[in-house]
Amino acid sequence: MLSIQGINKKFNLKTESETTLYQNLSLDVKEGEFVTIIGSNGSGKSTLLNLICGQVAPDKGSIEFLGRDLLKVKNYKRFEKISRVYQDPVAGTSPSLTVLENLSLALDKGKLFNLNKAVRSDMKSYFVEQLRSLDLGLEEKLDVRVGQLSGGQRQALSLLMSLMNEPEMLLLDEHTAALDPKSSETIMELTQEMVSKRSMTTIMVTHNLQHALDYGSRLLMFHQGRIIADISGDEKKSLVREDLIKLFLENDELFVEVV
């Protein structure tokens with residue numbers, strides 16, 4: 001499904017703040033895997049998602065997705081098969097547009113249109129059905145501007161939109177970090193339901209250790225641009241919070257945010 005091999009990446013080249021993040025980073029993700037990634041700030045978690053999406057280019061190495069050289073695929077073409085949900089609910093939606101307009105844009109992602117032609121009034125019944133499955137009352141808010149929704153409602157909508165065009169892989173970039181605890185748990189439950197229903201290949205970056213334990217079939221820990229733990233199967237199921245904290249401490253991450 002996804003093969004990342006021999007990635008090197010430096011930032012701020014030829015300046016006093018030049019930083020080496022990745023040195024020979026390699027990672028394979030199989031179809032249907034739900035991979036959770038933890039690690040301190042600056043360890044390379046979100047940059048990995050940026051590499052996959054084309055927002056960051058490697059200095060060296062290869063990235064293949066579904067057998068194609070992803071480095072030769074334009075960014076907008078990548079998003080035909082790869083969807084991403086961001087930490088900030090605003091990033092995944094257009095606040096000035098209605099719920100209907102946002103869903104219409106998501107359904108027709110990758111096509112050329114103006115907004116008037118993009119609005120899919122013919123799909124209202126389908127949208128209502130999908131929104132009702134979220135159990136957040138959004139099916140009654142098709143004509144409400146997204147900026148008027150709560151953070152949890154907006155992030156749930158963003159998650160639904162990310163799957164509207166049936167992508168092959170879902171990237172979750174700390175997508176519950178900006179939410180209150182109750183909304184965070186609601187979004188994680190929705191995430192699990194949607195991913196399981198579609199057997200969706202998923203990579204989730206999170207700072208929430210409990211979420212890393214409770215969700216996903218495989219857990220990676222990043223430290224200074226390296227994968228220092230790769231745990232799956234029964235070993236992952238047997239992990240407890242203290243195991244993860246111990247891993248952090250063993251790698252001198254004494255100031256990591258532990259949730």
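**A buried histidine, a four-stranded sheet and a one-faced helix**

In this predicted model, His211 is buried, with a relative accessible area of 1%; because the cut-off for a buried residue is under 20%, this value places His211 in that class. The residue belongs to helix α8, which spans residues 209-214. When neighbours within four places in sequence are set aside, the contacts of His211 are Thr176, Ser184, Glu185, Met188, Met204 and Thr206.

Helix α7 (181-198) also takes part in the surroundings of another helix, α5, where α7, α3 (99-107) and α6 (151-162) are among the elements that cover the buried residues. Helix α5 comprises residues 124-132, and its buried residues are Phe127, Val128, Gln130 and Leu131. Viewed down the axis of α5, these residues fall within an arc of 165°, so they line one face of the helix. An α-helix has 3.6 residues a turn, so residues three or four places apart point the same way.

The strands present a separate arrangement. Four of them form an open sheet in the order β2-β1-β4-β5, with antiparallel pairing. The edges are formed by β2 (19-29) and β5 (68-69), each of which pairs on one side only. Strand β1, residues 2-11, pairs with β2 in the antiparallel sense over seven bridges, and within this part of the sheet Ile4 stands opposite Leu27 in β2. Helix α1 (residues 45-53) lies across β1, β2 and β4 (60-65); relative to β2, helix α1 runs at about 70°.

Methods
Residues are numbered from 1 along each chain as its sequence is written. This is a predicted model: local features need pLDDT of at least 70, side-chain atom pairs count only at pLDDT 80 or more; totals for chains, interfaces and linings use all residues. Side-chain values use heavy atoms; hydrogens and water are left out. Helices (H or I, at least four residues) and strands (E, at least two) are DSSP runs, numbered from the N terminus. Buried means under 20% relative accessible area, exposed over 50%, partly exposed in between (1.4 Å probe, protein chains only). Contact means heavy atoms within 4.5 Å. Two strands pair if DSSP finds at least two bridges between them. Axes are lines fitted to C-alpha atoms, for helices over the stretch in contact, and angles run from 0 to 180 degrees between N-to-C directions. The arc is that of the directions from the helix axis to the C-beta atoms.
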